[in-house]
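Hi everyone, thanks for coming. Let's have a look at the structure together, and then I'll talk you through a few parts of it.

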Amino acid sequence: MILTGVIPPDMLTMLREECSYYLGYYDALMDSKGVQTENLSHRGKRYFINNRYRLSPRLWSFVFSDLMAQVAEATVGPEAYLFHEQWVVKGAEQGMKFSWHQDSGYVKWYDPTTSHRPYVTCWCTLDDVSEKNGTVYLLPHSRAGTREQIIDHAKEAGTNDLIGYTGDDPGDAVIVPAGSIVCFDSFVFHRSGPNRTEQMRRIYLPQYSAKPILRPDGKPWAMATPFLKDGKNTYDHAKDDAERYGPFPDKAKDAGGA
């Protein structure tokens, strides 16, 4: 589902400002560790900044907005939870590609016993996206045979990417303006190319599930923040904290992206 230019201008400005904050935050985090690579993030080239929306006093107003409530209901149904959220940013001129994967492939990598139903990825563009700046390519279920299954993935040395598809199908490039939302389920194979332009390519990526997705220990795999009940937005910002809804401490993991 492609919703072109639906993010209101003031909300888009806020997301861009918040993105700048989180990039500075993550660079400082890597500096404190003396590293250039942290999980899937490679400084200046590619960033995946996960599940830190509570650091912001205003990012929740987009994640749990009426706009995203409509998107969640149209995709996962009248009951919905925030499962995962992250910034996915490719640096100017040196932004790295991201390999073919299913977002659910990252869940299965850490929990081979998982049997969850697909959740929805909402790929929100903060910039115009094109093949030049590393847009996402989608491989439809009809061509990949992935409608009902999570494929086993292998980890790529050097990038830490999980790879689930090595065939010749290039996928379908998504070309949309800033302020668009591209929705696809977590079993869909997708990849992205390098950024060869002089500007960053910035994406904000909330993901919603119809039910909490749990680890073997019974805790949420990432988060399970209540959002919709019977089609109504029931999010309560005053009660939203990690102690209730996650993320709970566990080994490092990432739910994919592009």
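Okay, start at Leu 138: its bridge partner in S13 is His 190. This is a predicted model, where local features need pLDDT of at least 70, side-chain atom pairs count only at pLDDT 80 or more, and totals for chains, interfaces and linings use all residues. Residues are numbered from 1 along each chain as its sequence is written, and side-chain values use heavy atoms, with hydrogens and water left out.

Strands here are DSSP runs of E, at least two residues, numbered from the N terminus, and two of them pair if DSSP finds at least two bridges between them. That Leu 138 bridge belongs with strand S8 (residues 136-139) and strand S13 (residues 189-192), which pair in the antiparallel sense over four bridges. Both sit in an open sheet of four strands, ordered S6-S13-S8-S11, with antiparallel pairing. At the edges you find S6 (98-101) and S11 (172-173), each pairing on one side only.

Now, over to S15 (residues 225-229). Strand S5 (residues 80-90) pairs with S15 in the antiparallel sense, over three bridges, and Tyr 81 has Pro 226 as its bridge partner there. S15 also pairs with S16 (residues 232-233), again antiparallel, over two bridges; Lys 229 is bridged to Lys 232 in S16. So what links S15 and S16? They make a hairpin with two residues between them, and Asp 230 in the turn has a positive phi of about 55°.
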